[in-house]
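Here's a quick tour of a few spots worth finding in the viewer. Have the sequence open alongside as you read.

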Amino acid sequence: VVESAEASDRFLWDFRRTLVDMFAEEHYRTATELLHKQGLQTYSDASGVSLEPLEDALLNKKHVDIPMGEFWFRSLHPWIMYHVDVRGAASAAHVYGKPIVAAEAWTGGGYDSPYALKQVGDYWLAQGINRLIFHTSAHQPLDTKPGNVMVGTHINRNITWAEQAAPFTTYLARSSFLLQQGKPVADLLYLINEGAPSTMPFWGAGLQPAPPPGFDYDYANADALLTRVSVAPDGRLVLPDGPSYRVLVLPPIDRMTLPVLRKVAELVRGGATVVGPRPARSPSLVGGAAADAEHAALAEEVWGDLDGVNRTRRGHGSGAVVWGQTLAAVLAAKGVLPDLQVGQLPLDGEIAWIHRRTSDADIYYVASSATRPLELDVRFRVTGREPEIWRPDAGTIERASYAADSTRTRVRLPMTEHDALFVVFRRAAQAESHTVPSVTRRTLATLDGPWRVTFAPGLGAPESIVMPRLASWTTSADSGVKYFSGTATYARTVRVPASWRGRPVVLSLGDVRDLAEVVVNGTTFQLWKAPFEADVTRALRTGANEVEIRVTNQWTNRLLGDRALPADRKILSSGSPGAIGRPATLTESGLLGPVRFVAVELSR
């Protein structure tokens with residue numbers, strides 16, 4: 001005990017705060033400065049998500065060139081840990097003016113397909129990540145299948161789909177590139193606890209008060225608030241690099257150091273809106289009694305008679321302080337509409353999004369975790385510009401159906417299952433509304449069995465089999481087929497009538513486990529995600545057409561099959577650890593269908 005229990009608590013607060021400052025400055029800053037002398041830059045989780053370490057999370061990341069977060073393919077730990085870690089990395093980049101936010105990506109997976117990786121990765125891109133670091137793409141010194149990776153998803157040259165990876169990695173590259181453009185757009189700036197640890201809220205109820213739907217946010221630590229935040233004439237909180245916020249949200253505690261209280265008072269006087277409880281005292285011994293007296297006087301000056309129950313809003317200078325109102329009410333009182341609002345969404349949590357702005361465009365990224373197609377009715381807080389749909393999987397730009405008013409633009413977004421796309425506003429609107437013709441689909445032919453399936457040699461399966469109907473390889477009585485991993489080819493001749501000529505025709509494969517290459521009369525189409533469809537119009541011809549569907553699954557089934565074989569009969573040259581935290585089980589594999597030729601035409 002130092003003098004008293006209160007003095008001891010304040011002494012410990014100062015001591016721990018000194019430690020986290022030194023961790024940031026003497027470790028991360030020192031390492032970065034040394035590397036800069038060698039012409040190198042630093043990536044770092046700084047310092048990661050193992051519980052809640054003694055750190056100032058954003059200050060650590062300030063002192064590295066490229067801050068990183070972390071997300072797992074399937075998490076053993078509470079989801080909130082990875083969410084706040086990624087949001088913390090993105091916030092550190094945003095408030096400290098760093099353009100790249102990286103992530104240790106897909107940790108703890110196994111031999112997973114590109115489509116499965118996409119479903120997880122899309123969500124984290126919407127949380128602010130714009131550079132993905134595969135965990136793990138390890139150096140593989142030997143061509144011994146299946147290769148080996150520690151605690152990671154296997155992404156290396158020894159996986160089954162390595163030669164078919166280009167569409168997936170191109171998709172990630174396009175998405176990352178667009179998410180690196182311009183500056184982030186968010187309305188709420190949450191000040192995190194000044195003490196040690198000074199981190200995003202990992203535990204309990206999470207972020208409080210919670211942001212209303214349609215409003216994005218960043219975190220700021222005391223250092224960023226003191227050194228980089230100012231107030232604009234219109235009351236926005238602005239950073240020197242360009243991002244701005246409508247409201248500063250204080251942590252739900254009654255302690256605040258005098259320097260931070262002075263800054264808050266300065267921002268409110270200048271026109272800012274600040275939400276949070278009145279600070280009762282400083283947690284620090286710095287400044288002694290004189291500092292405590294100034295602290296009390298300043299809190300009285302700013303918060304006055306607010307009690308957070310009966311009296312919840314008070315003007316001060318050109319701004320206001322609010323205590324006890326919801327953020328939705330605060331934003332509504334300021335006339336701030338949601339940045340993105342989705343209407344008639346059947347289930348909560350199925351849409352994730354992020355917004356970036358360049359000098360001449362607004363870029364929204366919208367990702368769906370729904371397992372079904374959706375027709376979204378989305379209102380964007382943009383006017384005077386025409387929306388375009390940019391699809392990172394296909395590399396295409398499409399016009400969108402929209403209707404605009406004086407405050408927002410309402411856009412119809414057709415999305416397939418587990419879809420992700422960009423809505424880009426870059427061209428001046430020529431009209432207040434536009435309607436894209438609807439699409440009609442009509443099945444022209446269904447390719448039923450039997451199917452002849454040829455398996456890649458040397459992987460335990462017979463050279464070929466005949467399948468009376470499409471089914472997973474795992475249902476086969478032949479163990480070589482049941483446990484097969486690799487590429488198998490479904491081939492047949494299809495006769496196309498003259499009536500198909502001049503019509504857009506899609507070959508729809510239905511369900512594929514895990515990815516496919518379609519070859520029609522020598523023209524190849526690569527399919528790695530739902531819907532597994534290829535526009536084969538240009539490849540078809542009247543009469544006989546040679547169709548091959550080369551389907552590749554991943555290594556899990558062959559690894560399970562090898563477990564039951566003696567050493568001299570194993571198919572793979574080495575074993576490999578399974579996914580962290582989940583038992584390896586047989587996964588459906590092959591072409592499951594139904595396979596159809598479909599006419600896709602615009603309605604007139």
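## Strands and pairing

First, a bit of vocabulary: two strands count as paired if DSSP finds at least two bridges between them. Keep in mind that this is a predicted model.

With that in hand, look at strand S21 (residues 401-404) and strand S22 (residues 409-415), which pair in the antiparallel sense over 4 bridges. Want one residue pair to click on? Tyr 402 has Val 411 in S22 as its bridge partner.

## The wider sheet

Zoom out and S21 and S22 turn out to belong to an open sheet of 5 strands, with antiparallel pairing and the order S15-S18-S22-S21-S24. At the edges sit strand S15 (340-343) and strand S24 (433-434), each pairing on one side only.

## Just past S15

The loop between S15 and strand S16 (351-357) is home to Glu 350. Is Glu 350 buried or exposed? Glu 350 is buried, because its relative accessible area is 8% and the cut-off for buried is under 20%.

The side chain of Glu 350 also has a partner: it makes a polar contact with the side chain of Arg 372, at 3.0 Å.

## A nonpolar patch on the surface

Now over to helix H1 (residues 5-37), where you'll find Phe 11. With a relative accessible area of 42%, Phe 11 counts as partly exposed, since that class lies between the 20% and 50% limits.

Phe 11 is one of the residues in a nonpolar surface patch, along with Val 2, Leu 12, Phe 15 and Leu 285. Together they have about 410 Å² of accessible area.

Definitions and conventions:
Residues are numbered from 1 along each chain as its sequence is written. This is a predicted model: local features need pLDDT of at least 70, side-chain atom pairs count only at pLDDT 80 or more; totals for chains, interfaces and linings use all residues. Side-chain values use heavy atoms; hydrogens and water are left out. Helices (H or I, at least four residues) and strands (E, at least two) are DSSP runs, numbered from the N terminus. Patches are made of residues with over 30% relative accessible area and no salt bridge: like charges are joined within 9 Å, nonpolar side chains (Val, Leu, Ile, Met, Phe, Trp, Tyr) within 5 Å. Accessible areas come from the Shrake-Rupley method with a 1.4 Å probe; for residues, only the protein chains shown count as cover. A salt bridge is a side-chain nitrogen of Lys or Arg within 4 Å of a carboxyl oxygen of Asp or Glu. Buried means under 20% relative accessible area, exposed over 50%, partly exposed in between (1.4 Å probe, protein chains only). A polar contact is a pair of N or O atoms within 3.5 Å; within protein, one must be able to donate a hydrogen and the other to accept it, and residues adjacent in sequence count only if both atoms are side-chain atoms.
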